[in-house]
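Please open the model in a viewer and keep the sequence panel visible beside it. The stops below are meant to be followed in order, each with a selection to make.

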Amino acid sequence: GALYVGESTPEKPAVCYNILFTSYNEVKNLADEECKKQKTGNTAVPVKQTVFTCRLFVPNHYYFKCEQ
């Protein structure tokens, strides 16, 4: 798909996505779910965003940190 969890740690999920096909809400929801799944928090707070650090057709990379 056009959305996946990239290289990340349990308390700092990183989501790769394509900004053309994926809304911020979808990215945020995936990060929230990852925090809950890893039991590191209830919500994901955006930290930074990079481009061209994921797969070619999924170039956008959003980094989050989990908080309670």
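The tour proceeds from the whole chain to the disulfides, then to the aromatic rings, and finally to selected loop residues.

**The whole chain**

The coordinates belong to a predicted model. Begin with a cartoon of the entire protein chain, which contains 1 helix and 4 strands. Traced from the N terminus, these elements follow the order β-β-α-β-β. Switch to the C-alpha trace and align the view with its principal axes; the spans are about 30 × 20 × 20 Å.

Does the radius of gyration agree with, or depart from, that of a compact globule? For 68 residues such a globule would have a value near 11 Å, and the protein chain has 11 Å, so the two agree.

Next, colour by relative accessible area. Buried residues account for 38% of the 68 residues. A surface representation of the protein chain corresponds to an exposed area of about 4300 Å², of which carbon and sulfur atoms supply 56%. If a contact map is available, restrict it to contacts between residues at least 6 apart in sequence: 47% of these join residues at least 24 apart.

**The disulfides**

Select the cysteine side chains and display them as sticks. How many disulfides are there? The count is 2. A disulfide is a covalent bond between the sulfur atoms of two cysteines.

Centre first on cysteine 16 and cysteine 54, whose sulfur atoms are 2.0 Å apart in a disulfide. This pair connects distant parts of the chain: cysteine 16 belongs to strand E2, while cysteine 54 lies in the loop between strand E3 (43–51) and E4, 38 residues away. The torsion about the S-S bond is -65°, and the link of cysteine 16 and cysteine 54 is left-handed. Both cysteine 16 and cysteine 54 are buried.

Move then to cysteine 35 and cysteine 66, which are joined by a disulfide with an S to S distance of 2.0 Å. Here too, distant parts of the chain are linked, with cysteine 35 in helix H1 (residues 24–38) and cysteine 66 in strand E4, 31 residues apart. The link of cysteine 35 and cysteine 66 is left-handed, with -85° about the S-S bond. Cysteine 35 and cysteine 66 are both buried.

With both bridges displayed, number the bonded cysteines along the chain; the disulfide pattern reads 1-3, 2-4.

**The aromatic rings**

Hide the cysteines and select the aromatic side chains. The structure holds 3 aromatic pairs. One of them is formed by tyrosine 17 and tyrosine 62, which are stacked at 6.3 Å centre to centre, with 20° between the planes. Tyrosine 17 lies in strand E2 (residues 14–17) and tyrosine 62 in strand E4 (residues 60–67), so-called distant parts of the chain, 45 residues apart. Are tyrosine 17 and tyrosine 62 buried or exposed? Both are buried.

Widen the selection to include Tyr24 and Phe64. Ring pairs link Tyr17, Tyr24, Tyr62 and Phe64 into a cluster.

**Charges over rings**

Two further selections show a charged side chain and a ring. In the first, select arginine 55 with tyrosine 4: the charged end of arginine 55 sits over the ring of tyrosine 4, at 3.8 Å from its centre. In the second, select lysine 48 with tyrosine 63: lysine 48 lies over the face of that ring, 4.7 Å from the ring centre.

**Selected loop residues**

Select lysine 39, in the loop between H1 and E3. Its phi is near 60°, a positive value in a residue other than glycine. Lysine 39 is exposed, with a relative accessible area of 74%.

Continue to phenylalanine 52, in the loop between E3 and E4. Phenylalanine 52 is not a glycine, yet its phi is positive, at about 65°. Phenylalanine 52 has a relative accessible area of 69%, above the 50% cut-off, and therefore counts as exposed.

For the final stop, select glutamate 7, in the loop between strand E1 (3–5) and E2. Glutamate 7 is exposed, with a relative accessible area of 77%. Then add lysine 28 and draw a C-alpha to C-alpha distance: glutamate 7 and lysine 28 are 16 Å apart in space and 21 residues apart in sequence.

Technical notes. Residues are numbered from 1 along each chain as its sequence is written. This is a predicted model: local features need pLDDT of at least 70, side-chain atom pairs count only at pLDDT 80 or more; totals for chains, interfaces and linings use all residues. Side-chain values use heavy atoms; hydrogens and water are left out. Rings of Phe, Tyr and Trp (its six-membered ring) pair if their centres lie within 6.5 Å; planes under 30 degrees apart count as stacked, over 60 as edge-to-face and the rest as tilted. Helices (H or I, at least four residues) and strands (E, at least two) are DSSP runs, numbered from the N terminus. Buried means under 20% relative accessible area, exposed over 50%, partly exposed in between (1.4 Å probe, protein chains only). A charge sits over a ring if NZ of Lys or CZ of Arg is within 6 Å of the ring centre and within 35 degrees of the ring normal. The radius of gyration is taken over C-alpha atoms; the globule rule is 2.2 Å times the number of residues to the power 0.38. Contact means heavy atoms within 4.5 Å. Accessible areas come from the Shrake-Rupley method with a 1.4 Å probe; for residues, only the protein chains shown count as cover. A disulfide is a pair of cysteine sulfur atoms within 2.5 Å.
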